[in-house]
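Me: Hi! Could you walk me through this structure? I'd like to start with one helix and wander from there.

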Amino acid sequence: MNSATAFGPANHHGEKAWLKILANYRQPRAGRSSFELAITVIPFAMLWACSWAAVHYGFWFGLVLIVPAAGFLLRLFMIQHDCGHGSFFARRRLDDWIGRLIGILTLTPYDYWRRAHAEHHASAGNLNERGVGDISTLTVSEYNALSRWGRLGYRLYRHPLVMFGIGPAWLFLFKQRLPFGMMRSGALPWVSTMMTNVAVTILAALLIWAVGLVPFLLVHLSIVLLAGAAGVWLFYVQHQFEETHWSKPPQWQFAHAAIHGASHYDLPPILRWITGNIGIHHVHHLSSRVPYYRLPEVLRDHPELGEIGRISIMDSFRCVKLVLWDEETGRLVSFAEAAR
């Protein structure tokens, strides 16, 4: 893992200057956005149909197509993500409706998710503002203050089988069906969730009628769960890495927390493409209005940003054991390290 010392904790003025620099990349290109949508939706539909055909005609080896189909569904979620930030077409009504339609496929109520995600962006790295749109992270002192059952519950929550197996299924199939915690945000998250649920039910009923219940479950449920697990993994490693940043106000500052509290997940080209460059997460957090297909331009023009918070795939596997924030050392640690 690497971090550029030129952007140390005291250099808030330099970090804020990046906001002005990144403003030059915020304008999307309508033709490019339309192309990105087309080359994601069409292959997803084709792979879904081919996966169903493999089940229908008994070519079970064809079910391997579920894996790339899940990749394209994940990419659709990244487009929905950009729509939520108003950065895909930079036309609020168009972005919103594209996001809502994609939400039917990703089982993610758009307006509910957009509100929660906006809170995540506004408070990422703030120890006083945890809990909305985040993976729950305790400090060492908070964990030590828990009862035995409380510690067991947190350990189960942070276990990889729960975090990346049970967790995505619970999130996408159940939790996002009712937007609890959004009462203060008005009626829109509830209306969006209920309408998404109705649309999902109608689409599922039509597909079950057309292809049968078992093929639908084998194909679509598998695609959703694989894509969901990949999405949770990405969100995890983008904030849960050793040199991430957490602090309390007034030490907490948005620009510093954005650029140091999110990682640069340096993925191979094909994975960068399928994940919508979301690995360039520190730049995204600093300026969320930059369209995902322009994030590589930022690193091309400003390569010094590429070394801040950089983690490789091998680094990301080691991040799984980092579960508690140590306020004394200013880094994430494992349970074993906290015990010592």
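Me: Which residues of α2 are buried?
Reply: In this predicted model, the buried residues of α2 are Ser 33, Glu 36, Thr 40, Phe 44, Leu 47, Trp 48, Ser 51, Ala 54 and Val 55. Buried means under 20% relative accessible area, exposed means over 50%, and partly exposed is in between, with a 1.4 Å probe and protein chains only. Helices are DSSP runs of H or I with at least four residues, strands are runs of E with at least two, and both are numbered from the N terminus.

Me: Any ground rules before I go on?
Reply: Residues are numbered from 1 along each chain as its sequence is written, and side-chain values use heavy atoms, with hydrogens and water left out. As this is a predicted model, local features need pLDDT of at least 70 and side-chain atom pairs count only at pLDDT 80 or more, while totals for chains, interfaces and linings use all residues.

Me: Thanks! What covers the buried residues of α2?
Reply: The cover includes α3 (66-84), α4 (92-106), α9 (188-211) and α10 (213-237). Contact here means heavy atoms within 4.5 Å.

Me: And how far does α2 reach from its first C-alpha to its last?
Reply: Helix α2 covers residues 30-56, 27 residues, and reaches 39 Å, close to the 39 Å expected at 1.5 Å a residue. The expected span is 1.5 Å times one less than the number of residues. Just after α2, Gly 58 takes a positive phi of about 80 degrees.

Me: Where does UniProt place the "transmembrane region" feature?
Reply: The unreviewed UniProt entry places it at residues 35-54, 60-77, 156-174, 186-211 and 217-237. UniProt positions are given in the numbering used here, with feature names shortened, and annotations may be inferred rather than shown by experiment.

Me: What does the chain do over residues 35-54?
Reply: Residues 35-54 are 100% helix and 0% strand, with end C-alpha atoms 29 Å apart. For residues 217-237 the figures are 100% helix and 0% strand, and the end C-alpha atoms lie 29 Å apart.

Me: Switching to empty space: what is the volume of the largest pocket?
Reply: The largest pocket has a volume of about 1100 Å³. It is lined by 40 residues, and nearest its centre lie Gly 133, Asp 134, Leu 171, Gln 176 and Phe 235. On a 1 Å grid over the protein atoms alone, a pocket is an open set of points with protein on both sides within 12 Å along at least five of seven lines, a cavity is a set where a 1.4 Å probe fits but cannot get out, and lining residues have an atom within 4 Å of a point. Grid points are joined across faces, edges and corners, and a volume is the space filled by probe spheres set on the points.

Me: Which element gives the largest share of that pocket's lining?
Reply: That's α10, with 8 residues. By class, the lining of the largest pocket has 25 nonpolar, 13 polar and 2 charged residues. Ala, Val, Leu, Ile, Met, Phe, Trp, Tyr, Cys and Pro count as nonpolar, Asp, Glu, Lys and Arg as charged, and the others, Gly among them, as polar.

Me: How many cavities of 30 Å³ or more are there?
Reply: There are 3. The largest cavity holds about 120 Å³ of space. Of the 16 residues lining the largest cavity, the closest to its centre are His 120, Gly 125, Asp 134, His 239 and Trp 246. That lining has 4 nonpolar, 9 polar and 3 charged residues.

Me: Now some backbone oddities. Is the peptide bond from Pro 249 to Pro 250 cis or trans?
Reply: The bond is cis, with omega near 5 degrees. Pro 250 sits in the loop between α10 and α11.

Me: And what is phi of Leu 107?
Reply: Leu 107 has phi near 60 degrees, a positive value in a residue other than glycine. Leu 107 lies in the loop between α4 and α5, and counts as buried because its relative accessibility is 10%.

Me: Last one: is Gly 276 buried or exposed?
Reply: Gly 276 is buried, because its relative accessible area is 2%. Leaving aside neighbours within four places in sequence, Gly 276 is in contact with Met 78 and Tyr 292. Gly 276 and Ile 79 are 197 residues apart in sequence and 7.6 Å apart in space, C-alpha to C-alpha.
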